[in-house]
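Me: I would like to go through this model with you, element by element. Could we settle the vocabulary before anything else?

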Amino acid sequence: MINVNAVKKIYSSRSGKVTAVDHVDLTIHSGEIFGIIGYSGAGKSTLIRMLNGLELPTEGSVSVAGHEVSKIKGSKLRKARQEISMIFQHFNLLWSRTVKENIAFPLEIAGVKKSAREKKVLELIKLVGLEGREDAYPSQLSGGQKQRVGIARALASDPKVLLCDEATSALDPQTTDAILDLLVDINKRLGLTIVLITHEMHVIRKICHRVAVMEEGKVVETGPVIDVFKKP
Ligand code: ADP
Ligand code: ADP
């Protein structure tokens, strides 16, 4: 489902060059929940952003759900992104729109008709457990509820892959567990491939099938979670 091939990402700024991702190879299978863990600055965010073309690799290639995301641009990239959705640490909701309107937004952009949109939004609200909150604004929601909106919005385009960028890092432990349970449920029910980045071991242990450990831009270890974390 996902192939990262000899990828390197160098940022150039006035203060010099930073190698954020340094020759990474990764294969992630269809239906997997795959975690990428590492300390701050390890390159996790840069790597996951290259999976949907938010960043372009300096070297190497990235293919996700049949799309060469490191090569395509414009309308092709926009189309690919419908199959490669993302959720964020700070939710990135539209604050002047209600729950329903936030979830409908990607469908509106894709030109889906109003009646089909409404049907889909109702389904998604049920799936993420936001019944009764349809007309609330993000400011009226708890952190966990905001992330549920983020998840519903991400699922609106029927993606094949869901990328989670520190999706529970702004949430308390109890809410984190509830959101992780929801991600497992979605993975099972929809067969969605999930890639998440985190600095929290707990998140990886709770839901991931396999994990990659990143340090200073490199993947230093990959394997099933039980194997990687069993070692002394
Ligand atoms: P992580 O998500 O693991 O915290 P990042 O991918 O955010 O790691 O960062 C990896 C390295 O790349 C860090 O040294 C960071 O400072 C640098 N970096 C990230 N984004 C940029 C950018 N837009 N410009 C310059 N350097 C960046
Ligand atoms: P956190 O997850 O740290 O509690 P929030 O979810 O409150 O953060 O905010 C996430 C982002 O949205 C921040 O960049 C913040 O500035 C912005 N934001 C928060 N509330 C509003 C608002 N009412 N209108 C516009 N932007 C907002």
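Reply: Helices and strands here are DSSP runs, numbered from the N terminus, with at least four residues for a helix (H or I) and at least two for a strand (E). The model itself is predicted.

Me: What mean pLDDT does the protein chain have?
Reply: The mean pLDDT of the protein chain is 96, and 99% of its residues reach 70 or more.

Me: And which ipTM and pTM does the predictor give the complex?
Reply: The predictor assigns the complex an ipTM of 0.74, together with a pTM of 0.90.

Me: Let us turn to the helices. At what angle do H5 and H6 pack?
Reply: Helix H5, residues 143–155, packs on helix H6, residues 173–190, at an angle of about 20 degrees, and their axes are 10 Å apart. H5 is therefore roughly parallel to H6. The crossing in which H5 passes H6 is right-handed.

Me: Which residues meet there?
Reply: H5 contributes Gly 144, Gln 147, Arg 148, Ile 151 and Leu 155. On the side of H6, the partners are Thr 175, Ala 178, Ile 179, Leu 182, Leu 183, Ile 186 and Leu 190. By class, this contact of H5 with H6 has eight nonpolar, three polar and one charged residues.

Me: Leu 183 is on that list. Is it buried or exposed?
Reply: Its relative accessible area is 2%, so Leu 183 is buried. The residue is found in helix H6.

Me: What is Leu 183 in contact with, leaving aside its neighbours within four places in sequence?
Reply: With those neighbours set aside, Leu 183 is in contact with Ile 151, Leu 162, Cys 164, Ile 194 and Ile 207. Ile 151 is one of the H5 residues in the contact with H6.

Me: How many Å separate Leu 183 and Ser 12?
Reply: From C-alpha to C-alpha, Leu 183 and Ser 12 are 36 Å apart in space, and their positions lie 171 residues apart in sequence.

Me: Back to H5. How do H3 and H5 cross?
Reply: Helix H3 covers residues 99–109, and the axes of H3 and H5 come within 7 Å, crossing at roughly 30 degrees. H3 is therefore roughly parallel to H5. Their crossing is right-handed. Val 99, Asn 102, Ile 103 and Pro 106 of H3 make the contact with Val 149, Ala 152 and Arg 153 of H5. The residues of this contact of H3 with H5 divide into five nonpolar, one polar and one charged.

Me: And what about H4 with H5?
Reply: H4 is the helix of residues 114–128, and the axes of H4 and H5 come within 9 Å and cross at roughly 135 degrees. The two helices are therefore oblique to each other. The crossing of H4 and H5 is right-handed. In the contact, Lys 120, Leu 124, Leu 127 and Val 128 belong to H4, while Arg 148, Ile 151, Ala 152 and Leu 155 belong to H5. There are six nonpolar, no polar and two charged residues in this contact of H4 with H5.

Me: I also marked Lys 100. How accessible is it?
Reply: Lys 100 has a relative accessibility of 35%, so it counts as partly exposed. It lies in helix H3.

Me: What is in contact with Lys 100, leaving aside its neighbours within four places in sequence?
Reply: Apart from those neighbours, Lys 100 is in contact with Val 121, Ile 125, Glu 134 and Asp 135. The C-alpha atoms of Lys 100 and Ile 125 are separated by 8.0 Å, with the two residues 25 apart along the chain.

Me: A change of topic: backbone angles. Where is phi of Glu 166?
Reply: Phi of Glu 166 is near 50 degrees, which is a positive value in a residue other than glycine. Glu 166 is placed in the loop between strand E6 (161–165) and H6. With a relative accessible area of 12%, Glu 166 is buried.

Me: What about phi of His 23?
Reply: The phi angle of His 23 is near 55 degrees, again a positive value in a residue other than glycine. His 23 has its place in strand E2, residues 16–28.

Me: Finally, Thr 46: where is it placed?
Reply: Thr 46 is in helix H1, residues 44–50. Thr 46 is buried, with a relative accessible area of 9%. Leaving aside its neighbours within four places in sequence, its contacts are with Lys 9, Tyr 11, Ala 20 and Val 21.

Definitions and conventions. Residues are numbered from 1 along each chain as its sequence is written. Chains are lettered from A and ligands numbered from 1 in the order in which they are written. This is a predicted model: local features need pLDDT of at least 70, side-chain atom pairs count only at pLDDT 80 or more; totals for chains, interfaces and linings use all residues. Side-chain values use heavy atoms; hydrogens and water are left out. Axes are lines fitted to C-alpha atoms, for helices over the stretch in contact, and angles run from 0 to 180 degrees between N-to-C directions. Angles under 35 degrees count as roughly parallel, over 145 as roughly antiparallel, 65 to 115 as roughly perpendicular and the rest as oblique. A crossing is left-handed if the near helix is turned anticlockwise from the far one by less than a right angle, and right-handed if clockwise. Contact means heavy atoms within 4.5 Å. Ala, Val, Leu, Ile, Met, Phe, Trp, Tyr, Cys and Pro count as nonpolar, Asp, Glu, Lys and Arg as charged, and the others, Gly among them, as polar. pLDDT is the predictor's confidence in each residue, from 0 to 100. Buried means under 20% relative accessible area, exposed over 50%, partly exposed in between (1.4 Å probe, protein chains only).
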